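Here is a short report for a newcomer to this structure. Have the model open and follow along from one region to the next.

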Amino acid sequence: MLTARRSERAGVQEGVRHKTTIQYATRPDLPRLAYRKLKGKSPGVVFLPGFASHMGGRKAEALEEFCKSLGHSYLRFDYTGCGASEGQMTDYNIGTWKKDVLYVLDELVEGPQILVGSSMGGWLMLLAALARPEKIAALVGISTAADHFVTAFNTLPIEMRKEIEERGSWSFPTRYNEEGSYMLSLDFLKEAENHCILQSPIPVACPVRLIHGLKDADVPWHVSMQVAERVLSNDVDVVLRKHGHHRMSEKDDIKLMVYTIDDLIDKLTTLG
């Protein structure tokens with residue numbers, strides 16, 4: 001049955017069309033949060049984008065098509081200050097975006113959820129699983145960037161770190177915008193330290209799947225291995241793609257993501 005379902009899913013990421021409309025969650029004293037929601041069965045799927053990314057990427061859209069084909073609920077959203085949500089990204093931090101994820105889990109979805117986190121979204125999905133274990137059915141990390149900004153800063157030469165501390169900001173290199181860098185404040189980095197999770201066991205008990213490319217030039221694949229080692233769940237798989245890059249948005253990458261979630265839904269439904 002699963003093989004038949006897989007053959008039906010093979011073209012899921014092709015010809016993707018927007019099936020849902022943008023909605024806005026109005027929160028007391030907080031910027032409005034933009035999201036797209038598809039109603040359906042449990043477990044639902046929630047997609048968490050990466051840093052400075054948004055809910056309109058290939059992976060997020062392919063997952064909507066997949067969930068629609070299966071009849072499962074799906075939600076994708078933009079963090080505060082990103083995409084269609086209100087606010088300026090530079091005003092916010094990891095703690096803010098963690099609260100966004102918890103708001104989604106508390107207010108916008110019903111029943112157990114499979115969190116699919118891309119890059120920084122993989123870090124946030126782990127933080128959410130620690131804060132709301134009863135609402136998490138499983139975790140799927142794509143190029144999981146747990147502790148990433150803090151680790152990257154701490155591996156800089158000491159002279160460079162001193163310069164950044166004196167200046168109060170860090171021009172963080174990236175290949176994903178025209179400027180070639182993101183400006184991170186020292187306050188952002190210090191706040192991120194409060195959310196680091198790789199220095200001790202991670203008490204997450206649900207199934208965890210971690211997919212990472214060996215050619216990821218942004219977040220080393222061994223970060224996913226560290227997460228797998230720290231997580232206390234006995235049901236943890238790591239898939240390393242030999243030619244995979246950080247975004248993991250090629251056709252075969254997206255197929256693997258979809259098949260992984262398909263397997264999890266099948267397993268969770270059987271267990272249920």
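**Backbone oddities**

Pro-43 sits in strand 3, which spans residues 41-48. The peptide bond that leads from Ser-42 into Pro-43 is cis. Its omega is near -5°. This is a predicted model, so these are features of a prediction.

A second backbone feature involves Asp-29. This residue lies in the loop between strand 1 (23-27) and strand 2 (30-38). Phi of Asp-29 is near 60°. That is a positive value, and the residue is not glycine. For context, most residues other than glycine have a negative phi, and most peptide bonds are trans.

**The annotated domain**

The unreviewed UniProt entry carries the annotation "domain: AB hydrolase-1" for residues 45-150. Over residues 45-150, helix makes up 41% of the chain and strand 22%. The end C-alpha atoms of this stretch are 28 Å apart.

**Pockets and a cavity**

Where is empty space left? Rolling a probe the size of a water molecule over the atoms shows it. The table lists the spaces described here.

| Space | Volume | Nonpolar lining residues | Polar lining residues | Charged lining residues |
|---|---|---|---|---|
| Largest pocket | about 680 Å³ | 17 | 11 | five |
| Second largest pocket | about 210 Å³ | nine | four | no charged |
| Largest cavity | about 40 Å³ | four | one | two |

Take the largest pocket. How many residues line the largest pocket? The number is 33. Nearest its centre lie Phe-51, Ser-119, Tyr-176, His-246 and Arg-247. Three elements give two or more residues to the lining of the largest pocket: helix 2 (58-70), helix 5 (148-154) and strand 7 (169-173).

Now the second largest pocket, with about 210 Å³ of space. It is lined by 13 residues. Closest to its centre are Phe-51, Met-89, Thr-90, Tyr-182 and Met-183. Phe-51 is thus listed for the centre of the largest pocket and for that of the second largest pocket. Which element gives the largest share of the lining of the second largest pocket? Strand 8 (residues 181-185) does, with five residues. Charged residues are absent from this lining.

The cavity comes next. The count comes to one cavity of 30 Å³ or more. The largest cavity is lined by Val-150, Phe-153, Asn-154, Leu-186, Leu-189, Lys-190 and Glu-193. Helix 5 supplies at least two residues of this lining, and so does helix 7 (186-192). Helix 5 also gives two or more residues to the lining of the largest pocket.

**Helix packing**

Two packed helices are described by the angle between their axes and the distance between the axes.

Helix 2 packs with helix 9 (residues 251-271). The angle is about 40°, and the axes are 10 Å apart. That makes helix 2 oblique to helix 9. The crossing of helix 2 and helix 9 is right-handed. Helix 2 also contributes to the lining of the largest pocket.

The other pair is helix 3 (residues 94-108) and helix 4 (residues 120-131). The axes of helix 3 and helix 4 come within 9 Å. They cross at roughly 60°. Helix 3 and helix 4 are therefore oblique to each other. The crossing of helix 3 and helix 4 is right-handed.

Conventions
Residues are numbered from 1 along each chain as its sequence is written. This is a predicted model: local features need pLDDT of at least 70, side-chain atom pairs count only at pLDDT 80 or more; totals for chains, interfaces and linings use all residues. Side-chain values use heavy atoms; hydrogens and water are left out. UniProt positions are given in the numbering used here, feature names are shortened, and annotations may be inferred rather than shown by experiment. Helices (H or I, at least four residues) and strands (E, at least two) are DSSP runs, numbered from the N terminus. On a 1 Å grid over the protein atoms alone, a cavity is a set of points where a 1.4 Å probe fits but cannot get out, and a pocket is an open set with protein on both sides within 12 Å along at least five of seven lines; lining residues have an atom within 4 Å of a point. Grid points are joined across faces, edges and corners, and a volume is the space filled by probe spheres set on the points. Ala, Val, Leu, Ile, Met, Phe, Trp, Tyr, Cys and Pro count as nonpolar, Asp, Glu, Lys and Arg as charged, and the others, Gly among them, as polar. Axes are lines fitted to C-alpha atoms, for helices over the stretch in contact, and angles run from 0 to 180 degrees between N-to-C directions. Angles under 35 degrees count as roughly parallel, over 145 as roughly antiparallel, 65 to 115 as roughly perpendicular and the rest as oblique. A crossing is left-handed if the near helix is turned anticlockwise from the far one by less than a right angle, and right-handed if clockwise.
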